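Hi,

Here is the structure I said I would pass on. Have a look at it first, and my notes on what turned up follow underneath.

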Amino acid sequence: CSSDSEEDLIPDGVECMTENMSYSADILPILERNCLSCHNASSLQGGVNLEGYDALKLWVDNGVFLGSIKWESGFSPMPQGGPQLPECDLNKVEAWINQGAQNN
């Protein structure tokens, strides 16, 4: 990649903020953009429903959600057939989980 410096990858010096992550403000938009078209109550691809806080929390608590989106060994990389989520989105999800994965 010809643009591999942090300044080139993050437009206009926008910083990835990960403090005080909120399910509704920060995590839900990531899910809506990347996950819910396949993993919802009516689709259930792979038997996984991520629609709604309680459904997501089951996958967060057992470690599968983070392992899958970070493409860790032993997990099915998600989104399937697509590129890995942007680093900022991954950092936001991980920060939200580390901050207690609250429903706020």
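Before the pocket, a word on the term: a pocket here is an open set of points on a 1 Å grid over the protein atoms alone, with protein on both sides within 12 Å along at least five of seven lines. Its volume is the space filled by probe spheres set on the points. Please also keep in mind that this is a predicted model.

So, the pocket. The largest one holds about 340 Å³ of space. Its lining is made up of 18 residues, and those nearest the centre are His39, Val48, Leu50, Ser68 and Met78. Which helix gives the most to that lining? Helix H4, residues 64-69, does, with four residues. In terms of class, the lining of the largest pocket splits into 10 nonpolar and eight polar residues, with no charged ones. That may matter to you if you plan to look at charges there, as there are none in the lining by this classing.

Met78 is worth a second look for another reason: the peptide bond joining Met78 to Pro79 is cis, with omega at about 0°. Pro79 itself sits in the loop between H4 and H5.

Next, the helix packing. H2 (residues 23-34) packs against H5 (residues 87-98) at an angle of about 130°, and their axes are 10 Å apart. Since oblique covers what is neither roughly parallel, roughly antiparallel (over 145 degrees) nor roughly perpendicular (65 to 115), that angle makes H2 oblique to H5. The crossing of H2 past H5 is left-handed. On the H2 side, the residues in the contact are Tyr23, Ile27, Ile30, Arg33 and Asn34, and they meet Asp89, Lys92, Val93 and Trp96 of H5. Sorted by class, the residues of this contact come out as five nonpolar, one polar and three charged.

Ile97 is also in H5. Leaving out residues up to four places away in sequence, Ile97 touches Val60 and Leu66. Its C-alpha atom is 9.8 Å from that of Tyr23, although the two residues are 74 apart along the chain.

One last backbone detail: Asn20 has a positive phi of about 50°, and it is not a glycine. You will find Asn20 in the loop between helix H1 (6-9) and H2.

That's the lot from me. Shout if anything is unclear.

Cheers

How values were computed
Residues are numbered from 1 along each chain as its sequence is written. This is a predicted model: local features need pLDDT of at least 70, side-chain atom pairs count only at pLDDT 80 or more; totals for chains, interfaces and linings use all residues. Side-chain values use heavy atoms; hydrogens and water are left out. Axes are lines fitted to C-alpha atoms, for helices over the stretch in contact, and angles run from 0 to 180 degrees between N-to-C directions. Helices (H or I, at least four residues) and strands (E, at least two) are DSSP runs, numbered from the N terminus. Angles under 35 degrees count as roughly parallel, over 145 as roughly antiparallel, 65 to 115 as roughly perpendicular and the rest as oblique. A crossing is left-handed if the near helix is turned anticlockwise from the far one by less than a right angle, and right-handed if clockwise. Contact means heavy atoms within 4.5 Å. Ala, Val, Leu, Ile, Met, Phe, Trp, Tyr, Cys and Pro count as nonpolar, Asp, Glu, Lys and Arg as charged, and the others, Gly among them, as polar. On a 1 Å grid over the protein atoms alone, a cavity is a set of points where a 1.4 Å probe fits but cannot get out, and a pocket is an open set with protein on both sides within 12 Å along at least five of seven lines; lining residues have an atom within 4 Å of a point.
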